[in-house]
Amino acid sequence: QVQLVESGGDSVQAGGSLRLSCAASVYTNRNRCMGWFRQAPGKERQAVATIYTGGPTTDYADSVKGRFTISRDNAKTTVYLQMNSLKPEDTAMYYCAAGRFASSGSWCYMGGTYEYSYWGQGTQVIVSS
């Protein structure tokens, strides 16, 4: 069982920055994909950024490329999302997610069939203009 706890959400002005954290209770001997997803009111959940715990692979939604950076600590138990140049359209509930296992980073690219089995409760980000 994996538990994910997000933190760092807040209300900021457009152009500001936030850093989200996801603390995961996982077995570090298993490599997996982890990711940040978001859902705004009335909209579908979308992937924002993903990362492979066993290597350098990361992937980003086009809407956040160049502004957001996903990273993890060496123990592979905490994943971060650094969000810069925030826009009002970034307003959403942000969720951390993790899969059970991934044999390579290629599984972590968006648009594939990788299943994220574990989800956190979410942290709210509000960006005002």
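Glu6 stands opposite Cys22 in strand β3, and this pair of residues offers a convenient way into the predicted model. Glu6 belongs to strand β1, which covers residues 3–7, and β1 pairs in the antiparallel sense with β3, residues 18–25, over five bridges. Another point at which the two strands face each other is Gln3, which stands opposite Ser25 in β3.

Strand β3 also has a second partner. It pairs with strand β8, residues 78–83, again in the antiparallel sense, and this pairing runs over six bridges. Within it, Ala23 has Thr78 of β8 as its bridge partner. These pairings are part of an open sheet of four strands, whose order is β1-β3-β8-β7 and whose pairing is antiparallel. The strands β1 and β7 stand at the edges of the sheet; each has a single partner strand, so one side of each is left without a neighbour in the sheet. On average, and with direction ignored, neighbouring strands of this sheet are turned by 15° against each other. In a regular strand, side chains alternate between the two faces of the sheet.

From the sheet the description passes to the covalent links. A disulfide is a covalent bond between the sulfur atoms of two cysteines. A search of the whole structure finds two disulfides. Which cysteine is joined to Cys22? The partner is Cys96, and the sulfur atoms of the two residues lie 2.0 Å apart. This disulfide links distant parts of the chain, for Cys22 lies in strand β3 and Cys96 in strand β9, 74 residues apart. The link is left-handed, with -75° about the S-S bond. Both Cys22 and Cys96 are buried. Cys22 is thus a residue at which two descriptions meet: it stands opposite Glu6 in the pairing of strands, and it forms a disulfide with Cys96.

The other link joins Cys33 to Cys108, with an S to S distance of 2.1 Å. It too connects distant parts of the chain: Cys33 is in strand β4, while Cys108 is in the loop between β9 and β10, 75 residues apart. With -90° about the S-S bond, this link is left-handed. Are these two cysteines buried or exposed? Cys33 counts as buried because its relative accessibility is 0%, and Cys108 counts as buried because its value is 2%. When the bonded cysteines are counted along the chain, the disulfides follow the pattern 1-3, 2-4.

Charged side chains supply a further set of contacts, and the structure holds three salt bridges. In one of them, the side chains of Asp90 and Arg38 meet at 2.9 Å, N to O. Here again distant parts of the chain are linked: Asp90 lies in the loop between β8 and β9, and Arg38 lies in strand β4, 52 residues apart. Asp90 has a relative accessibility of 1% and therefore counts as buried. Arg38, at 6%, counts as buried as well.

Asp90 takes part in another salt bridge, in which its side chain meets that of Arg67 at 2.7 Å, N to O. Arg67 is in the loop between β6 and β7, Asp90 is in the loop between β8 and β9, and the two are 23 residues apart, so that this pair also links distant parts of the chain. Both Arg67 and Asp90 are buried. Which residues are joined into one network by salt bridges that share partners? They are Arg38, Arg67 and Asp90.

The remaining salt bridge brings together the side chains of Lys65 and Asp62, at 3.2 Å, N to O. Lys65 counts as partly exposed because its relative accessibility is 48%. Asp62 is exposed, with a relative accessible area of 66%. The buried state of Asp90 may be set beside the exposed state of Asp62.

Strand β4, residues 33–39, offers a last point of orientation. Arg38 lies in this strand and is paired with Asp90 of the loop between β8 and β9. Cys33, which is bonded to Cys108 of the loop between β9 and β10, lies in β4 as well.

How values were computed
Residues numbered from 1 in each chain as written. Predicted model: local features only at pLDDT ≥ 70, side-chain atom pairs only at ≥ 80, totals over all residues. Heavy atoms only, no water. Pairing = 2+ DSSP bridges. Salt bridge = Lys/Arg side-chain N within 4 Å of Asp/Glu carboxyl O. Buried < 20%, exposed > 50% of the residue type's maximum accessible area, 1.4 Å probe, protein only. Disulfide = S-S within 2.5 Å. Axes fitted to C-alpha atoms, helices over the stretch in contact; angles between N-to-C directions.
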